[in-house]
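Thank you all for making time this morning. I would like to walk you through one structure, slowly, and I will begin with what is bound to it.

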Amino acid sequence: MAEFDLVVRGGTVVTAADKARCDVGIRDGRVVALAEGLPKGKREIDATDRLVLPGGIDSHVHIEQKGSYGITSSDDFFTGTRSALFGGNTTVMPFAAQHKGQGLRQVVEAYRDLATPKAVCDYAFHLIVSDPTEQVLGQELPALIKDGFTSFKVFMTYDLMKLDDGQMLDVLSVARREGALVMVHAENHEVIKWITKRLLDRGHRAPKYHAISHARLAEGEATHRAIVLSELMDTPMLIVHVSAELAMNAIRDAQTRGLKVYGETCPQYLFLTAQDIDKPGLEGAKFCCSPPPRDEASQEAMWRGLENGTFQLFSSDHAPYRFDETAKLSKGPNAHFREIPPGMPGVEARAALLFSEGVRTGRIDIHRFVELNSTNAAKIYGLFPRKGTIAIGSDADIAIWEPDLERTITWDDLHDNVGYTPYEGKKVTGWPTIVIRRGEVVIEGGELHAERGSGAFLPCSTPEPARPRGRFTPEMDPARNFGAQLVE
Ligand code: DUC
Ligand code: ZN
Ligand code: ZN
């Protein structure tokens, strides 16, 4: 009997740390051997001249989720995870989103019910906390963290989701106590509201004004303020979807001071600008997201942040809204910019965009690519080493890349339910053409070979950043971490 269910033979296996020309032996869904000349498996894949990389982890996607404008994203768990697989991802992390008045436990259970019958890649959930009641802070959140929901997002803007600074401190204090990670959407609500009102009063309704209202100063100020709260509470924090240099520099500065502040950026901030929102009619609505794409200097800054390690995460922020009355145009053809739900798709193109424009141009090396595409997310969210690497004992989640394959991105070739891609016509070199999920070949020959519901739910352990390192404790600097002392 063959020792292996599957052998991936003759490829170049790359992880965050290592590179080797070797075979990968897979049994019972896991990697069990890495060596040259492995014996024949029940099934063989020839990976000669290809890169054998850990499956991507897109750690920030919105699937079948009611968003900050009350509109549900246009991908369900089948179409969203199918699209993820075709882009070389084997795990996604969507958000179980609490809206005001809802109990968190109930939100999580309902969200699991949506995912279980449909998902085709593996998934772990972040939570969104928009109503931090005593019940939520004192009971639901601690219990959910123990059940494997160890990261939660809070918003500093949006009427439906926003927390004030005191509520953020409440949430951070729970994270500190329980060892969880708080993710922050950092934009100054009052600044955005103030600008929006004046724009609309003057009759400025076009999508392009979305970018003007979501000023980069609003992002920079809120990022700085969020970091202050994190420092006061002596608790790690992740600033998500960073678009501009001001916010990035606040993160960099915090890191330089030794704080555990992490950063994420996304393809829209590398490949799009505010010019894309300035399209005729409502066409620009396709490119409205928050924070918005900025300008070429910001794109360069975001690349720098990926190169120098300020950003640990590169996620799509796949927030898919169809360009029709169900989503982007739900307020009709005369909607103004404030009535367009913010978000754009990207889960399928994310990794190829980074590979093509990052690795092939020499901006980042292949190991940094693997970190950004997969390993860092697994570590930061408590999925490593089961996910995020190719190592003995890890899940056999593998994307086999053709590094020289040239493709022009067009929505007709993608597998989401959105109807457009913001990257239409963009040429990329390199694409993952075979995807293996827990030892099963799920993408091959341009076809999906996975049953609906075959994706597995992944409980997360304590995120790596939230584990105490014995630094910056209140004892070392009592004045500085006074906030943390108050919760102990
Ligand atoms: N924040 C996100 O993370 N995604 C879409 C919209 C938003 O505000
Ligand atoms: Zn956000
Ligand atoms: Zn998002």
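**Ligands, metals and a few local details**

Let me start with ligand 1, where a polar side-chain atom of His241 lies 3.2 Å from one of the ligand's oxygen atoms. Please keep in mind throughout that this is a predicted model. Taken alone, ligand 1 exposes 240 Å², and the protein buries 96% of that. Two further polar approaches belong in the picture: a side-chain N or O atom of Lys153 is 2.6 Å from an oxygen atom of ligand 1, and for the side chain of His185 the corresponding distance is 3.3 Å. The residues that surround ligand 1 also include His60, His62, Tyr158, Ser290 and Asp317.

Which residues coordinate the zinc ion that is written as ligand 2? They are Lys153, through NZ, His185, through ND1, and His241, through NE2, at 2.1 to 2.2 Å. Along the chain these donors follow the spacing K-x31-H-x55-H. His185 lies in strand E12, residues 181-185, while His241 is in the loop between strand E13 and helix H8, so this pair ties together parts that are 56 residues apart in sequence. Are these two histidines buried or exposed? With a relative accessibility of 1%, His185 counts as buried, and His241, at 1%, counts as buried too.

The other zinc ion, ligand 3, is 4.4 Å from the zinc ion that is ligand 2. Its protein donors are His60 and His62, each through NE2, together with Asp317 through OD, and they lie 1.9 to 2.0 Å from the ion. In sequence, the donor residues of ligand 3 are spaced H-x1-H-x254-D. Distant parts of the chain are linked here, with His60 in the loop between strand E6 and helix H1 and Asp317 in the loop between strand E15 and helix H11, 257 residues apart. His60 is buried, at a relative accessible area of 0%, and Asp317 is buried as well, at 8%.

Let me now turn to the beginning of the chain. Strand E1, residues 6-14, runs antiparallel to strand E2, residues 19-27, and 7 bridges join them. These two strands form a hairpin with 4 residues between them, and in this pairing Leu6 stands opposite Ile26 of E2. Strand E2 pairs in turn with strand E3, residues 30-35, in the antiparallel sense and over 5 bridges, with Val24 standing opposite Leu34 in E3.

Where does Asp28 sit? It is found in the loop between E2 and E3, in a hairpin that has 2 residues between its strands. Its phi is near 50°, a positive value in a residue other than glycine, and at 66% relative accessibility Asp28 counts as exposed. Asp49 has a positive phi as well, near 65°, and lies in the loop between strand E4 and strand E5, where it is exposed with a relative accessible area of 69%.

I will finish with two peptide bonds. Most residues other than glycine have a negative phi, and most peptide bonds are trans. Between Ser290 and Pro291, however, the bond is cis, with omega about -10°, and Pro291 has its place in the loop between helix H9 and helix H10. The bond from Phe384 to Pro385 is also cis, with omega near 5°, and Pro385 is in the loop between helix H12 and strand E16.

Conventions
Residues are numbered from 1 along each chain as its sequence is written. Chains are lettered from A and ligands numbered from 1 in the order in which they are written. This is a predicted model: local features need pLDDT of at least 70, side-chain atom pairs count only at pLDDT 80 or more; totals for chains, interfaces and linings use all residues. Side-chain values use heavy atoms; hydrogens and water are left out. Donors are N, O and S atoms within 2.8 Å of the metal (3.2 Å for Na, K and Ca); water is not among the atoms, so sites may look incomplete. Buried means under 20% relative accessible area, exposed over 50%, partly exposed in between (1.4 Å probe, protein chains only). Two strands pair if DSSP finds at least two bridges between them. A residue is near a molecule or strand if one of its heavy atoms lies within 4 Å of it. A polar contact is a pair of N or O atoms within 3.5 Å; within protein, one must be able to donate a hydrogen and the other to accept it, and residues adjacent in sequence count only if both atoms are side-chain atoms. Accessible areas come from the Shrake-Rupley method with a 1.4 Å probe; for residues, only the protein chains shown count as cover.
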